[in-house]
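Good morning, and thank you for making time for this presentation. Please bring up the sequence and the model before I begin.

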Amino acid sequence: MKTEIETIVGETPGISYELIVHRLEGTDVSAPRVYIQSGLHADERPGVAALHFLIPMLEQAEAEGRLRGSLILVPHANPIGAAQHLYGEHMGRFATGTRTNFNRDFPVPGDDGMRHLDKASAPVFAERRLKSRLLELADGCPIVLDLHCDDESVQYVYAPEVLWPEMSDLAACLDAEAALLWDSGADRAFEEAVFEQMQARAPDGDLSGHCVTTVELRGQNDVDVTLARKDAEGLYRFLQGRGVVAADTTPAPALKAGFVGKPIRHVDMVTAPAGGTLLFHVAPGDRVEAGQLLAEIITNPGCKGGSVEVRAPQAGYVLTRRIRRFIRMGDNLLKIISDTAAVASRKGALED
Ligand SMILES: [Zn+2]
């Protein structure tokens with residue numbers, strides 16, 4: 001494995017950031033090339049922990065000549081967000097300088113089919129140069145994994161609808177509980193920008209063998225040795241199945257029993273009708289019926305009528321819930337994958 005430390009120059013004198021890029025060389029040029037990053041939302045750590053265990057496994061495969069495809073790994077994909085703290089609290093989702101979500105506004109091909117990336121020397125904000133560089137590193141890889149997590153969540157993956165069910169091997173290898181399938185984006189998340197470029201490079205429309213995804217490795221606090229090892233082994237199994245790592249027998253795990261794979265328009269975003277202290281009555285992974293009590297929000301503690309109930313808009317599967325317990329009116333409380341479509345269509349990301 002070769003490691004390079006790239007420099008992203010900050011916007012003011014004396015400031016710069018380091019982007020650590022690992023490269024592993026495969027032995028077979030016809031095997032798929034792979035790009036994996038974690039920590040793009042810099043406050044999401046399960047993917048970083050998984051790569052901590054995956055990288056030595058891949059290094060060993062490389063040393064033993066079992067690595068067929070080449071890989072690029074960027075475990076700290078967002079050094080800018082990693083450095084943002086305000087009064088002791090880390091803020092890794094939005095760039096504090098521009099209020100832009102670090103996983104939005106990636107450059108995509110325009111109407112002319114061309115994508116315009118910012119060079120390392122371009123006189124634009126550092127986060128824009130970082131985004132361009134991440135896309136450049138992922139370029140030409142048919143397998144691109146962006147490791148994230150949700151607030152409190154089961155493990156699930158996002159996938160372009162046209163790559164499903166081919167991509168279900170990833171969900172099976174990871175032992176994921178659910179998949180959200182999207183057909184058109186609007187927010188230019190990393191996954192969407194990579195996919196648009198993949199499509200632009202495949203004018204015949206043949207994307208077989210491709211895989212691009214945002215993997216939600218459960219919730220923000222699901223960072224421990226057991227889960228990180230399990231995720232690393234799941235990713236490794238997936239890479240074996242795709243022929244990136246040679247395997248004696250091709251593993252073919254099945255999707256987990258009860259797996260929920262639905263178009264993203266099935267997601268009900270349940271919002272808070274009032275602000276206050278949040279008591280959940282359901283957890284990620286639960287099945288709920290229409291009208292079931294999901295949560296209550298305490299607005300006036302101990303007093304009659306001092307709490308507001310939140311009930312399920314329809315039957316479905318609880319995918320995620322908010323990590324904070326003090327919430328504002330209008331905050332998202334839960335994502336529920338409803339049995340029937342929750343909205344007619346949904347373009348773009350579920351959250352800001
Ligand atoms: Zn994220």
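**Helix packing, the sheet and its central strand**

I begin with a helix contact: Leu134, Leu135 and Ala138 of helix 3 touch Phe190, Ala193 and Val194 of helix 5. Please bear in mind throughout that this is a predicted model.

How do these two helices pack, and at what angle? Helix 3, residues 126–138, and helix 5, residues 190–201, have axes 11 Å apart and an angle of about 50° between them. Helix 3 is therefore oblique to helix 5. The crossing of helix 3 past helix 5 is right-handed.

Let me turn to the sheet. It is open and consists of nine strands in the order 1-2-4-3-7-11-9-10-12, with mixed pairing. At the edges are strand 1, residues 2–9, and strand 12, residues 260–263, each of which pairs on one side only. On average, and ignoring direction, neighbouring strands of this sheet are turned by 20° against each other.

At one of these edges, strand 1 runs antiparallel to strand 2, residues 16–24, and eight bridges join the two. Within that pairing, glutamate 4 has valine 21 of strand 2 as its bridge partner.

I now come to strand 3, which deserves a closer look. On one side, strand 3 pairs with strand 4, residues 71–74, in the parallel sense and over four bridges. In that register, tyrosine 35 lies opposite isoleucine 72 of strand 4. Strand 3 is also parallel to strand 7, residues 143–150, and is joined to it by five bridges. There, isoleucine 36 faces leucine 145 of strand 7. The connection between strands 3 and 4 involves helix 1, residues 46–63, and the three elements together make a right-handed β-α-β unit.

Is strand 3 largely enclosed or open? Five of the five residues of strand 3, residues 34–38, are buried, so the strand is largely enclosed by the rest of the structure. Burial here means a relative accessible area under 20%. Both faces are covered, with Val34, Ile36 and Ser38 buried on one side and Tyr35 and Gln37 buried on the other.

Which helices lie across strand 3? One of them is helix 3, which also lies across strand 1, strand 2, strand 4 and strand 7, and runs at about 5° to strand 2. Another is helix 6, residues 225–241, which lies across strand 3, strand 4, strand 7 and strand 11, residues 211–219. Helix 6 runs at about 165° to strand 11.

Finally, I would draw your attention to some backbone details in the loops. The peptide bond from tryptophan 164 to proline 165 is cis, with omega near 15°. Proline 165 belongs to the loop between strand 9, residues 156–160, and helix 4, residues 168–174.

Tyrosine 87 is not a glycine, yet its phi is positive, at about 50°. This tyrosine sits in the loop between strand 5, residues 85–86, and strand 6, residues 89–90. With a relative accessible area of 80%, tyrosine 87 is exposed.

Aspartate 175, also a residue other than glycine, has a positive phi near 70°. Its place is the loop between helix 4 and strand 10, residues 178–182. Is aspartate 175 buried, partly exposed or exposed? Its relative accessibility is 25%, so aspartate 175 counts as partly exposed.

Thank you; I welcome your comments.

Conventions:
Residues numbered from 1 in each chain as written. Predicted model: local features only at pLDDT ≥ 70, side-chain atom pairs only at ≥ 80, totals over all residues. Heavy atoms only, no water. Buried < 20%, exposed > 50% of the residue type's maximum accessible area, 1.4 Å probe, protein only. Pairing = 2+ DSSP bridges. Right-handed = clockwise from strand over helix to strand, strands pointing away. Axes fitted to C-alpha atoms, helices over the stretch in contact; angles between N-to-C directions. Parallel < 35°, antiparallel > 145°, perpendicular 65-115°, else oblique. Left-handed = near helix turned anticlockwise from the far one by under 90°. Contact = heavy atoms within 4.5 Å.
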